Amino acid sequence: MTLSKFVQKMMKDFLIIFASIIIMITILRQIYYPDLSFDLKSIYIIMGFSFLSALIGFILYAPHDLSEKKMRIRMTIHFFALEILLIALASVFDIVTSALDGVILALQIALIYTLVRFLSWKNDKKEAKKITEKLKALKKDVS
């Protein structure tokens, strides 16, 4: 994958992460704190967390193809680095003030991570299908 395509993918991931966090917080606030509204500082913090989450995706970048095993190892490292970074930052900003808050945040991060990975996989699958169809058409033209 070229660096420019990877940066484009990171930008898509940033938007998916940001939207997922906003949706998740909106739903949770409707359930637990219906009178609480978003303030500008919260939006900036969410943007920052989303940006750092997408930026740490450089762990997954490789200019050449990796084996499936190496990619899975990188994904595992990426996931745990993301969990540690975001929970540590949440502690610094006093967003996480107890062990229960940390566990809830870790679960939210895992849910969003799974959603982003799933959407990326679906997109990759769609791209692979397009390439396969083009190869079949090319093979048919050559025959």
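## Salt bridges

Let's start with E127, which forms a salt bridge with K130, the closest N and O atoms sitting 3.9 Å apart. That makes the pair a fit for the cut-off, since a salt bridge needs a Lys or Arg side-chain nitrogen within 4 Å of a carboxyl oxygen of Asp or Glu. Both residues belong to helix α4, three residues apart, or about one turn of the helix. E127 comes out as partly exposed because its relative accessibility is 37%, and K130 is partly exposed too, at 42%. Keep in mind that this is a predicted model.

How many salt bridges does the structure hold? Three. Another one joins the side chains of E68 and R72, at 2.6 Å from N to O. These two are in helix α3, four residues apart, again about one turn of the helix. E68 has 54% relative accessibility, so it counts as exposed, and R72 counts as exposed at 52%. Then there's D13 with K9, whose side chains meet at 3.4 Å, N to O. They are four residues apart in helix α1, which means about one helical turn separates them. Is D13 buried or exposed? D13 is buried, because its relative accessible area is 11% and buried means under 20%.

## Aromatic pairs

A search of the whole structure turns up seven aromatic pairs. One of them is F6 with F58: the ring centres are 5.4 Å apart and the planes are at 50 degrees, so this pair is tilted. F6 is in helix α1 while F58 is in the loop between α2 and α3, so the pair ties together parts that are 52 residues apart in sequence. As for cover, F6 is buried at 6% relative accessibility, whereas F58 is partly exposed at 37%.

Another pair is F14 with F18, which is stacked, with 6.2 Å centre to centre and 20 degrees between the planes. F14 and F18 are four residues apart in helix α1, so about one helical turn separates them. Back at F6 and F58, ring pairs link these two and Y61 into a cluster.

## S50 and its neighbours

S50 has its place in helix α2, which covers residues 40-55. Is S50 buried or exposed? S50 counts as buried, because its relative accessibility is 0%. What does the side chain of S50 reach? The backbone oxygen of I46, at 2.8 Å.

Leaving out residues up to four places away in sequence, S50 touches F14, I17, F18 and I21. Two of those names are familiar: F14 and F18 form the stacked pair described above.

## The nonpolar patch

On the surface, L3, V7, M11, F51, L55 and F58 make a nonpolar patch of about 530 Å². The elements giving two or more residues to this patch are α1 (3-32) and α2. Which element gives the largest share? That would be α1, with three residues.

F51, one of the patch residues, is in helix α2. At 46% relative accessibility, F51 counts as partly exposed. F58 shows up here as well, having already appeared in the tilted pair with F6.

## A positive phi at D94

One backbone angle deserves a look. Phi of D94 is near 60 degrees, a positive value in a residue other than glycine. Where is D94 found? In the loop between α3 (68-92) and α4 (99-142). With 58% relative accessibility, D94 counts as exposed.

Note on methods. Residues are numbered from 1 along each chain as its sequence is written. This is a predicted model: local features need pLDDT of at least 70, side-chain atom pairs count only at pLDDT 80 or more; totals for chains, interfaces and linings use all residues. Side-chain values use heavy atoms; hydrogens and water are left out. Buried means under 20% relative accessible area, exposed over 50%, partly exposed in between (1.4 Å probe, protein chains only). A polar contact is a pair of N or O atoms within 3.5 Å; within protein, one must be able to donate a hydrogen and the other to accept it, and residues adjacent in sequence count only if both atoms are side-chain atoms. Contact means heavy atoms within 4.5 Å. Patches are made of residues with over 30% relative accessible area and no salt bridge: like charges are joined within 9 Å, nonpolar side chains (Val, Leu, Ile, Met, Phe, Trp, Tyr) within 5 Å. Accessible areas come from the Shrake-Rupley method with a 1.4 Å probe; for residues, only the protein chains shown count as cover. Rings of Phe, Tyr and Trp (its six-membered ring) pair if their centres lie within 6.5 Å; planes under 30 degrees apart count as stacked, over 60 as edge-to-face and the rest as tilted.
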